[in-house]
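Here are my notes for you, set out as numbered points. Keep the structure open beside you while you read.

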Amino acid sequence: MSDKVDTESFKQFERLRDLRVSHRDLDYLIDALSHDPMVDQLRIRRLKKRRLIIKDMISRLESELIPDMDA
């Protein structure tokens with residue numbers, strides 16, 4: 001029996017946590033900027049695009065962490 005710790009899984013969980021924090025921070029920033037009429041709409045669109053990319057990365061990483069089930 002092996003006593004090795006799967007450090008790769010810990011790295012993936014840490015990466016997932018960091019992505020979720022980034023996504024949440026972008027949510028707050030987009031919400032705050034959308035209430036300011038002087039903010040450039042292009043900036044908001046770019047932030048929303050970045051938030052969507054992060055959401056896709058989160059989904060991909062979560063699906064990698066779920067073990068495959070035999071049908």
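1. Let's begin with one residue, Arg15. With a relative accessible area of 41%, Arg15 is partly exposed; buried would need under 20%, and exposed over 50%. You'll find Arg15 in helix α1. Bear in mind as you look that this is a predicted model.

2. Which residues does Arg15 touch, once its neighbours within four places in sequence are left aside? Met57 and Leu61 are the ones in contact with Arg15. Now try the distance to Leu61: Arg15 and Leu61 sit 46 residues apart in sequence, but their C-alpha atoms are 8.6 Å apart in space.

3. Time to step back to the whole chain. The protein has two helices and zero strands. Of its 71 residues, 17% are buried. The accessible surface comes to about 6,300 Å², and carbon and sulfur atoms account for 54% of that.

4. Have a look at α1 itself, which runs over residues 7-34. Its 28 residues should span 40 Å at 1.5 Å a residue, and the C-alpha atoms at its ends are indeed 40 Å apart, so the two values agree. You can do the same check on α2, residues 41-65. Here 25 residues should span 36 Å, and the end C-alpha atoms are 36 Å apart, so that agrees too.

5. Which residues of α1 are buried? They are Leu16, Leu19, His23, Leu26, Ile30 and Leu33. Notice the spacing when you find them on the model. An α-helix has 3.6 residues a turn, so residues three or four places apart point the same way. The buried residues of α1 pack against α2.

6. Now the other helix. In α2 the buried residues are Ile44, Leu47, Ile54, Ile58 and Leu61. What do they pack against? Their partner is α1. You have already met Leu61, as one of the contacts of Arg15.

7. How are the two helices arranged? Two packed helices are described by the angle between their axes and the distance between the axes. For α1 and α2 the angle is about 155 degrees, and the axes are 9 Å apart. That makes α1 roughly antiparallel to α2, because an angle over 145 degrees counts that way. The crossing of α1 past α2 is left-handed.

8. His23 deserves a point of its own. This residue of helix α1 has a relative accessible area of 19%, so His23 counts as buried; the cut-off is under 20%. Setting aside neighbours within four places in sequence, His23 is in contact with Arg51, Ile54, Lys55 and Ile58. Ile54 and Ile58 are among the buried residues of α2.

9. Two other residues of α1 are worth finding. Leu29 lies in this helix and is partly exposed, at 34% relative accessible area. Leu29 and Lys48 are 19 residues apart in sequence, with 9.9 Å between their C-alpha atoms. Ser34 is in α1 as well, and its 42% relative accessibility makes it partly exposed. From Ser34 to Ile44 is 10 residues in sequence and 7.3 Å in space, C-alpha to C-alpha.

10. One last number ties in with those pairs. Count the contacts in the protein with a separation of 6 or more: 69% of them join residues 24 or more positions apart. The pair Arg15 and Leu61, which are in contact and 46 residues apart in sequence, is an example to look at.

Conventions
Residues are numbered from 1 along each chain as its sequence is written. This is a predicted model: local features need pLDDT of at least 70, side-chain atom pairs count only at pLDDT 80 or more; totals for chains, interfaces and linings use all residues. Side-chain values use heavy atoms; hydrogens and water are left out. Helices (H or I, at least four residues) and strands (E, at least two) are DSSP runs, numbered from the N terminus. Buried means under 20% relative accessible area, exposed over 50%, partly exposed in between (1.4 Å probe, protein chains only). Contact means heavy atoms within 4.5 Å. Accessible areas come from the Shrake-Rupley method with a 1.4 Å probe; for residues, only the protein chains shown count as cover. The expected span of a helix is 1.5 Å times one less than its number of residues. Axes are lines fitted to C-alpha atoms, for helices over the stretch in contact, and angles run from 0 to 180 degrees between N-to-C directions. Angles under 35 degrees count as roughly parallel, over 145 as roughly antiparallel, 65 to 115 as roughly perpendicular and the rest as oblique. A crossing is left-handed if the near helix is turned anticlockwise from the far one by less than a right angle, and right-handed if clockwise.
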